[in-house]
Structure formats: structure tokens, C-alpha cells
Amino acid sequence: MADGCLGCLYIETAPVTLRDGRVVCSSCEDWRLETEARMVVKMEGKAARAEYLQGVEKQRGKAAGDLLRDEVREQWKTGKL
Ligand SMILES: [Zn+2]
């Protein structure tokens, strides 16, 4: 959802700010991805993180896995959780 969540039902009641400054709602896919990545970043040990990402790829497909992996890497790099 590159254009944020205009027209979204919850933008008024549950706005959240993404790392890149965009404001979306707490039910948005972008926000779900960011919070999931944050959880992965906080996982104990490289093996646990790799295992989680593999599980996502298996269940939701390669595109979803790559998306999450990229977000994790980005959060890791910037240290901005
Ligand atoms: Zn939304």
C-alpha cells in the first residue's frame, strides 16, 4: 500500500506512524509488516530469526517472506525499532 491508507476506516480512530513518517491506521498491512519485523528483530538468536522468516515464506509465499526480510534488515540497519 504505497499510498498509505486513504479511505481507510480506522485512520481517525487508530492512527499510527510508520518508520518513514507516513501515518496509517493500526489495521493497515504496512503497519502489520512493520510490527511483525520489529518482533523478529527482537528475537533471541540468528537461528530463531531465520527460522521465523523461513516459516513465513513457506506459509505466505516468497514475496511475503522477502518483504518481511527486507523490513527486518532495514530496521536492523537503522536501529530504529
Ligand atoms: Zn488503514
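This text walks through the fold of a predicted model, from the whole chain to its helices and then to the segments before them.

The chain holds three helices and two strands. Followed along the sequence, these elements come in the order β-β-α-α-α. Of the 81 residues, 12% count as buried. Among contacts between residues at least 6 apart in sequence, 33% join residues at least 24 apart.

Helix α3 covers residues 62–78. With 17 residues at 1.5 Å a residue, α3 should span 24 Å, and because its end C-alpha atoms are 24 Å apart, the expected and modelled spans agree. Which residues of α3 are buried? They are Leu68, Glu71 and Val72. Seen down the axis of α3, these buried residues fall within an arc of 100 degrees, so they line one face of the helix. The spacing follows a general rule: an α-helix has 3.6 residues a turn, so residues three or four places apart point the same way. The buried residues of α3 pack against two other helices, α1 (29–41) and α2 (46–60). On the face turned away from the buried side, α3 carries the exposed residues Lys62, Ala63, Asp70, Arg73, Lys77 and Thr78. Just after α3 comes Gly79, with a positive phi of about 65 degrees.

Helix α2 can be checked for length in the same manner. Its 15 residues, at 1.5 Å each, should span 21 Å, and the end C-alpha atoms are 21 Å apart, which agrees. As for burial, α2 is hardly covered, since the count of buried residues among its 15 residues is zero. A residue needs 20 or more other C-beta atoms within 10 Å of its own to count as buried. Gly61 follows α2 and has a positive phi, near 100 degrees.

How do α2 and α3 lie against each other? They pack at an angle of about 150 degrees, with their axes 6 Å apart. Angles over 145 degrees count as roughly antiparallel, and α2 and α3 are therefore roughly antiparallel to each other. From α2, the contact is made by Leu53, Val56, Glu57 and Arg60. From α3, the residues in this contact are Lys62, Ala64, Gly65, Leu68 and Arg69. By class, the contact of α2 with α3 has four nonpolar, one polar and four charged residues. Leu68 thus appears twice in the account of α3: among its buried residues and in the contact with α2.

The remaining points concern the part of the chain ahead of the helices. Cys8 lies in the segment before β1 (15–17). Is Cys8 buried, partly exposed or exposed? It is partly exposed, because 16 other C-beta atoms lie within 10 Å. Leaving aside residues up to four places away in sequence, Cys8 touches Cys25 and Cys28. Cys8 and Cys28 are 20 residues apart along the chain, and their C-alpha atoms are separated by 8.4 Å.

Ser27 sits in the loop between β2 (23–25) and α1. Ser27 is also partly exposed, with 15 other C-beta atoms within 10 Å. From C-alpha to C-alpha, Ser27 is 9.4 Å from Val16, and the two are eleven residues apart in sequence.

Definitions and conventions
Residues are numbered from 1 along each chain as its sequence is written. This is a predicted model: local features need pLDDT of at least 70, side-chain atom pairs count only at pLDDT 80 or more; totals for chains, interfaces and linings use all residues. Helices (H or I, at least four residues) and strands (E, at least two) are DSSP runs, numbered from the N terminus. The expected span of a helix is 1.5 Å times one less than its number of residues. The arc is that of the directions from the helix axis to the C-beta atoms. Two residues are in contact if their C-beta atoms, placed from the backbone, lie within 7 Å. Axes are lines fitted to C-alpha atoms, for helices over the stretch in contact, and angles run from 0 to 180 degrees between N-to-C directions. Angles under 35 degrees count as roughly parallel, over 145 as roughly antiparallel, 65 to 115 as roughly perpendicular and the rest as oblique. Ala, Val, Leu, Ile, Met, Phe, Trp, Tyr, Cys and Pro count as nonpolar, Asp, Glu, Lys and Arg as charged, and the others, Gly among them, as polar.
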